[in-house]
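Could you take me on a walk through this structure, stop by stop? I have it open in a viewer and would like to know what to select next and what is there.

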Amino acid sequence: MEKIYLYNTLTRSKEQLKPIDPPTVTMYSCGPTVYNYAHIGNLRTYVFMDELRRTLKFGGYKTKSVMNITDVGHLVSDGDDGEDKMQTAAKKQNKSPEEIAAMYSSVFFKDLERLNILTPEIIAKATDNITEMIEFVKTLCELGYGYETDDGIYFDISKFDGYGKLSRCNIEDALAGARVAVNTQKRHPADFALWKKAEKNHIMQWQSPWGMGYPGWHIECSTMSKKYLGERFDIHTGGVDHIPIHHENEIAQSEALEGHKVVNMWMHGEFMLVDGGKMSKSLGNVYTIDDLAARGYSPLAFRYFCMNTHYRNKLNFTFTGLDGAQTAYDRLRTSISASANASNNADAKTVEKLSEYKAGIKAAVFDDLNFPLALGELWSISKLPACREVYDTVKELDAIFGLELHVPLEKKQDEIPDDIKAIAEERFEARKSKDWAKSDVLRDKLAELGYSVLDSKTGYELKRK
């Protein structure tokens, strides 16, 4: 097994990975709340998680990784305010929470597949683990950490000595700086919900010792990580937005229950910006993989785009940047294709260089997943004289990169996404009905998405600009 060094958010330092039960690395990753489509900022985090799992496997480790699917309990505000996100989406779309969860889970896993993100060994749905969550909360109450109010069961953060150690927030500051809580029965405004009592019209609720209700978001991850990985495990991953609340609360309730440290290493992926600013629906800059595909970009070009920035650095998304990533990715694959079709063997100098660059890639990814540096070494390999050894080396290394560089290159410039074809067909029908206004609107929409349409007496021709 290789020596791998990873940045631990808890200690703010790089540490050598030392699994509890080698060669297996146990890992829990915060998964999606399946109430809406995952946007590219969300998916950047899952690319990071995949980089980690691929690196561990390439380093000779086995992985036992768990990712949760939150289909209940995640309120609109992480601070226990508002409606459950699943209930809100169900009402808005006139569907049941189960239908909402099934629909968006399906799209999410399709996105993972398109990005060549390996599915964790265990997928855990929150609604499949309610009984275990209730038992977890009961035990916390018995230990004196949980208390009951009119609207739920809360965790008393003043009882847990280590509260704030992940975010480096002092508990006195947290209590003093917390806003006035809506629930005045809470002992401290920063106390968080373990279990919420449900109102009669709440469409997701279960019987508990405290009446009908549903779990808090934070208790779900603590419960499912314990169930599937035990009372100690190696790595917990998520986005940086999870650090100050969700993961801080996970640490508090898990360590309060077990009486010792549960997670050895905490790892977090940084935010994605759009055009240098925040991604926001109000700004119209929230994009999905489908949105990128509709504009003619390959999902794997987006993966390549993500890998050019270290997971702990903010990534600024622009379409100019994605254009560059698409061009670079296509050129890289074209170069590797030349070696795939080569019949000659490598000379001594090429063999030496291959060994050197391969060692450089391993050193880069084993040093806290430095994929930008590793991609540079990969480009050096692609510039070597075309030969079968180059192709075989890249095929082996693609187990780390997940870019499908060894897959035969196809000419994709003439392929039109189904979404674009549907808009063009709708426009064609509008023209046949002489609905010229609608036809013009749809032509403009196609132009915005990067496509032009040439009409003829018998039909039309659609081309990417």
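**Stop 1: N116**

Start by selecting N116. This is a predicted model, and here N116 has a relative accessibility of 18%. Buried means under 20%, so N116 counts as buried. To place N116 along the chain, look at the loop between α3 (97–114) and β7 (122–125). Which residues does N116 contact, once its neighbours within four places in sequence are left aside? Select D50, R54, L300, R303, G402, L403 and E404, and you have them on screen.

**Stop 2: helix α1**

Next, select residues 40–58, which make up helix α1. Two of the contacts of N116, D50 and R54, carry numbers in this range. Try a length check on the helix: at 1.5 Å a residue, its 19 residues should span 27 Å. The C-alpha atoms at the two ends are 26 Å apart, which agrees with that expectation. Is α1 mostly covered or mostly uncovered? It is mostly covered, with 16 of its 19 residues buried. Just past the helix, stop at G60, which follows α1 and has a positive phi, near 95°.

**Stop 3: the largest pocket**

Stay with α1 and turn on a surface or pocket view. The largest pocket holds about 1200 Å³ of space. It is lined by 38 residues, and those closest to its centre are Y35, H39, G41, N42 and D241. Select these five to find the middle of the pocket. Four elements give two or more residues to the lining: α1, α3, β13 (233–239) and β15 (272–274). Which of the elements supplies the largest share of the lining? That is α1, with 6 residues. If you colour the lining by residue type, you will have 17 nonpolar, 14 polar and 7 charged residues.

**Stop 4: D275 and R168**

From β15, move on to D275, in the loop between β15 and α8 (289–294). Phi of D275 is near 50°, a positive value in a residue other than glycine. Is D275 buried or exposed? Its relative accessible area is 57%, so D275 is exposed.

Now select R168, in the loop between β9 (152–155) and α5 (171–177). R168 is another residue other than glycine with a positive phi, near 65°. Its relative accessible area of 51% makes R168 exposed.

**Stop 5: the cis peptide bond**

Go to P22 and P23 and show the backbone. The peptide bond from P22 to P23 is cis, with omega near 10°. P23 belongs to the loop between β2 (13–16) and β3 (24–29).

**Stop 6: aromatic rings**

Show the side chains of the aromatic residues. How many aromatic pairs does a search of the whole structure find? The search finds 17. Begin with F108 and F109: their ring centres are 5.3 Å apart and their planes meet at 70°, so the pair is edge-to-face. F108, at 3% relative accessibility, counts as buried, whereas F109, at 25%, counts as partly exposed.

Then select F317 and F319. Their ring centres are 5.1 Å apart and their planes are at 75°, so this pair is edge-to-face too. F317 counts as buried, at 1% relative accessibility. Add Y287, Y297, F302 and F305 to the selection, and you have a cluster, linked by ring pairs, that also includes F317 and F319.

**Stop 7: K125**

Select K125, in strand β7. With 37% relative accessibility, K125 counts as partly exposed. Leaving out residues up to four places away in sequence, K125 touches I69, D71 and M224. For a distance to try in the viewer, pick the C-alpha atoms of K125 and I100: they are 14 Å apart in space, with the two positions 25 residues apart in sequence numbering.

**Stop 8: R427**

Finish at R427, in helix α14 (residues 418–432). Is R427 buried or exposed? At 2% relative accessibility, R427 counts as buried. To see what is around R427, select S439, L442, R443, L446, V453 and D455, its contacts once neighbours within four places in sequence are set aside.

Key. Residues are numbered from 1 along each chain as its sequence is written. This is a predicted model: local features need pLDDT of at least 70, side-chain atom pairs count only at pLDDT 80 or more; totals for chains, interfaces and linings use all residues. Side-chain values use heavy atoms; hydrogens and water are left out. The expected span of a helix is 1.5 Å times one less than its number of residues. Buried means under 20% relative accessible area, exposed over 50%, partly exposed in between (1.4 Å probe, protein chains only). Contact means heavy atoms within 4.5 Å. On a 1 Å grid over the protein atoms alone, a cavity is a set of points where a 1.4 Å probe fits but cannot get out, and a pocket is an open set with protein on both sides within 12 Å along at least five of seven lines; lining residues have an atom within 4 Å of a point. Grid points are joined across faces, edges and corners, and a volume is the space filled by probe spheres set on the points. Ala, Val, Leu, Ile, Met, Phe, Trp, Tyr, Cys and Pro count as nonpolar, Asp, Glu, Lys and Arg as charged, and the others, Gly among them, as polar. Rings of Phe, Tyr and Trp (its six-membered ring) pair if their centres lie within 6.5 Å; planes under 30 degrees apart count as stacked, over 60 as edge-to-face and the rest as tilted.
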